[in-house]
Amino acid sequence: MTNNIKHEKSIDSNDVLKIAMLSIHSSPVGELGTSDTGGMSVYIRELAEELGKTGVSTDIFTLCQNRQSSSITSLYKNVRLIYLNIKTDQPIIKETLFDDLPSVFDAFNETVTKDQTDYDKAGYDLIHSHYWLSGVLGNQIKQKYDLPHIITFHTTGAVKNRFCTQELEPDFRIEKEKGLTAACDRIVASTQNEAHDLISLYNAESEKISVVPAGVNLELFKPLDKTAACREIDFNDDAKLLLYVGRHVPIKGLDRLLKTISEIRNKISLRLLVIGGDDENEKLKSTIKDLNIQKEVDLSGRKDQKFLPAYYSAADMLVVPSYHESFCLAGLESLACGTPVVSTPVGIMPTIINNKNGCILTENNDSAMAEAILRVANNHDRGNYSPAQIRNSVKDYSWANTAELMLGEYHRVISNFDNKKGEGK
């Protein structure tokens, strides 16, 4: 298993890589915090933008429904977003999208044929798929056009089933993911734990896996004056301000955070702002009412990323109650803003969090979460946190570093692929 590989080859005007990124089930410019649009969308946008700055040309393919034709728009320098159009009378949802993949494949072929200029191989040097549904499509494209294929799963069915029995994934998905680990040319994981899960649960070859950590936009996410930030988000309470940022899906653990709030509200004056989620919050509102924590919890809805630094800077802590995270971008964003994080031991958090920037739960249960929140609140009262020091803990996690490492992977995979073809394998 390789980790953080760099490649000596540089990009110049005569050697421009052209990458096809696949994000079929979720648009990278969709509204963050909805059920199918979260950290993966941020990952794809930020990675593509940074690759574009190095000269790499990236087309991101996603799905639209019942437009007259597929459409292409410029997203960033050297980055295009291509909507593949399929016509169907049924709404396209993630749970049934697999059945529509043949139509998506046809739309891809039609689009690249129309758009092709001086390129062969469908105009691309490499396919980078995100999530298993895109991976299935990427494998079809690999076979048709004889291209190397990299996949980043972001999350897998077997891991979700291990950590969150409330939302079980079908065996069909897991079998497809196992097949993809064997068929692709390289798997890029975000953490060592994710790589180990792929090996132990999917029998993936360790030599085929590389670990490339995700990043955080350090220019956007930075500490703001706390008083000004509180004014900006209209928070004028003396209570400790807790923040939850994420989708409202079972694996994110929001339900147990709400239970924890009900347990500790008599021990500490607090407010919880919940950012993210679809418009239909009736079940969540019902849970909050049943726990009698209406005064302690505010559902703030989805927020554009540009507004999040004010929320992070106003908060006394971000709480990550997830049962599983492949990386945990929200945790990095909070730390970059100088705000401590209370987190379950998920994603990259156990590697970064220490007693200077937050608290990792020693046990993955509700009582441990309550203890961790109270501990961080107490440390705040004692002045034990320095925003500058907290931010410093994530200074190496820039998207530029992620793009540099990923670019090394691209070159390595293309080189190996071409060598095997030359050897007749």
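Two strands pair if DSSP finds at least two bridges between them. In this predicted model, strands β4 (residues 71-76) and β5 (residues 79-86) meet that condition, with five bridges joining them. The two strands run antiparallel. Within the pair, T73 stands opposite L81 of β5. Two residues lie between the strands of this hairpin. N78 takes a positive phi there, near 70 degrees.

A second set of strands forms an open sheet. Six strands take part, in the order β12-β11-β10-β13-β14-β15, and their pairing is parallel. The edges are held by β12 (297-301) and β15 (358-360). Each has a single partner strand, so one side of each is left without a neighbour in the sheet. From one strand to the next, the twist averages 20 degrees. Strands of a sheet pair through backbone hydrogen bonds, either parallel or antiparallel. Inside this sheet, β10 (residues 240-245) and β11 (residues 270-275) run parallel and are joined by six bridges. L241 stands opposite R271 in β11.

Helix α8 (residues 254-264) has a set of buried residues: L254, R256, L257, L258, T260, I261 and I264. An α-helix has 3.6 residues a turn, so residues three or four places apart point the same way. The cover over the buried residues of α8 includes strands β10, β11, β12 and β13 (317-320). Helices α9 (282-290) and α13 are also among the covering elements.

Helix α13 (residues 366-381) contains M369. The relative accessible area of M369 is 1%, so this residue is buried. Buried means under 20%. Leaving aside neighbours within four places in sequence, M369 is in contact with R256, L257 and T260. Its other contacts of this kind are V319, P321, T344 and L361. M369 and V320 are 49 residues apart in sequence, yet their C-alpha atoms are 9.6 Å apart in space.

Two helix pairs were examined next. Two packed helices are described by the angle between their axes and the distance between the axes. Helix α1 (residues 39-53) packs against helix α15 (residues 399-422) at an angle of about 75 degrees, with the axes 9 Å apart. Angles of 65 to 115 degrees count as roughly perpendicular, and α1 is therefore roughly perpendicular to α15. On the α1 side, the contact is made by V42, Y43, E46, L47, E50 and L51. On the α15 side, W399, A400, T402, A403, M406, L407 and Y410 take part. These contact residues divide into 10 nonpolar, one polar and two charged.

The axes of α5 (residues 171-183) and α6 (residues 192-202) come within 11 Å and cross at roughly 110 degrees. Helix α5 is thus roughly perpendicular to α6. I174, E177, K178 and T181 of α5 meet L198, L201 and Y202 of α6. Four of the contact residues are nonpolar, one is polar and two are charged.

The largest nonpolar core has 133 residues. Within this core, F61 and Y410 touch the most other members. Helix α15 supplies the largest share, eight residues. Y410 also belongs to the contact of α15 with α1. Apart from neighbours within four places in sequence, F61 is in contact with A20, M21, L22, S23 and I24. F61 also contacts I82, L84, F108, T111, V112 and Y124.

Key. Residues numbered from 1 in each chain as written. Predicted model: local features only at pLDDT ≥ 70, side-chain atom pairs only at ≥ 80, totals over all residues. Heavy atoms only, no water. Axes fitted to C-alpha atoms, helices over the stretch in contact; angles between N-to-C directions. Helix = DSSP H or I, 4+ residues; strand = E, 2+ residues; numbered from the N terminus. Parallel < 35°, antiparallel > 145°, perpendicular 65-115°, else oblique. Contact = heavy atoms within 4.5 Å. Nonpolar A, V, L, I, M, F, W, Y, C, P; charged D, E, K, R; others polar. Core = buried A, V, L, I, M, F, W, Y, C linked by side-chain atoms within 4.5 Å. Buried < 20%, exposed > 50% of the residue type's maximum accessible area, 1.4 Å probe, protein only.
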